[in-house]
Amino acid sequence: MDTRNTSVRPHAQPRNGKENHPSRGTRANNRSGGVIHDNSRHTSRFTVIGNHLAQHAELSLLAIGLAVHIQSLPGGALIDIRTLAARFPEGKTRIAAALRELETHGYLRRTCERTSSGRVVTRTVSCNQPGRSGAAAGPEPKPKARRPARREGEPPRRALPAVPRPAYPAPDLLRSAVEVLAGLRRGDPRLLLSATEVEHLAPGVAAWLERELPPSAVHHALTAGLPSEPLHRPAALLAHRLAAQLPPVPPFSAPAAPDAVRHPLRNCDTCDRAFRAAEPGRCRDCLTDPPGVHPSG
């Protein structure tokens, strides 16, 4: 039982303390000037800085320190040259040069914008990872409004049929069309329409009203002869009627000439003859003949 198998490789023996990492002790002993980190985990008031900034090969030490300071500030803090020069002893010239370094390497973006009052201001954006900011690509597209989920057993939704369009969609015309559609339910409760359906049908009703039909005639055309069974898609039925029964454009008729104005009878101030005129005075003959001469004399 005490015989050892010489063909089996010996197992590695566990090491304790510094024996587990002999290189650590060796480097510490061989390098007298190397940095030794005494780190503790931050739980509050800290800023995450990437090594691409802290160890940047082209940025100056002032630019790196200034970038770290800017990234640690809250949003909306002032970082103009005057404010930074009042905070640090380097002066405006060196701080301006450091800001240009950061702008060249993508850690700052500065643009001029005009406010509503007409004043031009400089807008500064700090980037903690240049090239990975979503702001450079423009604003994100707004998500499209999602239609409510279809209930179980509900038939799939279909688009409403197209409706006619008025030649001149004036606001007053569309407002009258909406009033016609909103009033359909008073005559038949089955014609209760949603706001989306009214918005779709309103141009079709406006096209009818544009053809010199009164709202009562459009109401009658949409509600007359409806089937007695339940209406599953009343908006589709109305859209079909608006398109299929659209009346023709009325023929053009020139406006009637105004009636001739008939002035009241008046007596001439000279010959006392009766004549029609807007105001009292002399008749036409007395106005054209010389004094003392009259054709009737």
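Here is a short conversation about helix packing, cores and backbone angles in a predicted model.

Visitor: Which conventions apply to this model?
Guide: Residues are numbered from 1 along each chain as its sequence is written, and side-chain values use heavy atoms, with hydrogens and water left out. The model is predicted: totals for chains, interfaces and linings use all residues, whereas local features need pLDDT of at least 70 and side-chain atom pairs count only at pLDDT 80 or more.

Visitor: Which helix supplies the largest share of the largest nonpolar core?
Guide: A nonpolar core is a set of buried Ala, Val, Leu, Ile, Met, Phe, Trp, Tyr and Cys residues joined through side-chain atoms within 4.5 Å; buried means under 20% relative accessible area, exposed over 50% and partly exposed in between (1.4 Å probe, protein chains only). The core has 24 residues, and L181, L201 and V205 touch the most other members. At least two residues each come from α6 (171-182), α8 (195-210), α9 (215-223) and α10 (234-244), where helices are DSSP runs (H or I, at least four residues) numbered from the N terminus. The largest share, seven residues, belongs to α8.

Visitor: How many residues are in the other core that lies apart from it?
Guide: This separate core includes L66, I70, I79 and L102. Its residue count is 16.

Visitor: Which residues is V205 in contact with, leaving aside neighbours within four places in sequence?
Guide: Contact means heavy atoms within 4.5 Å. V205 is among the residues that touch the most other members of the largest core. With those neighbours left aside, its contacts are A177, V180, L181, V218, L222 and L242.

Visitor: Are α8 and α10 roughly parallel or roughly antiparallel?
Guide: Axes are lines fitted to C-alpha atoms, for helices over the stretch in contact, and angles run from 0 to 180 degrees between N-to-C directions. For α8 and α10 the angle is about 20°, with the axes 10 Å apart. Angles under 35 degrees count as roughly parallel, over 145 as roughly antiparallel, 65 to 115 as roughly perpendicular and the rest as oblique. That makes α8 and α10 roughly parallel.

Visitor: What is the make-up of the contact of α8 with α10 by class?
Guide: On the α8 side are E197, L201, G204, V205 and W208, facing A235, L238, A239, R241 and L242 of α10. Ala, Val, Leu, Ile, Met, Phe, Trp, Tyr, Cys and Pro count as nonpolar, Asp, Glu, Lys and Arg as charged, and the others, Gly among them, as polar. The contact residues divide into two charged, one polar and seven nonpolar.

Visitor: How many nonpolar residues does the contact of α8 with α9 have?
Guide: The axes of α8 and α9 come within 9 Å and cross at roughly 125°, so the two helices are oblique to each other. V205, W208 and L209 of α8 meet P215, V218, A221 and L222 of α9. With no polar and no charged residues, the nonpolar number is seven.

Visitor: What is the phi of E212?
Guide: Most residues other than glycine have a negative phi. E212 is in the loop between α8 and α9, and is exposed at 65% relative accessibility. Although E212 is not a glycine, its phi is positive, about 65°.

Visitor: Is Q71 buried or exposed?
Guide: Q71 is found in helix α3 (residues 61-72). Beyond residues up to four places away in sequence, Q71 touches T47, V48, I49, L53, Y107, S126, C127 and N128. With a relative accessible area of 17%, Q71 is buried.
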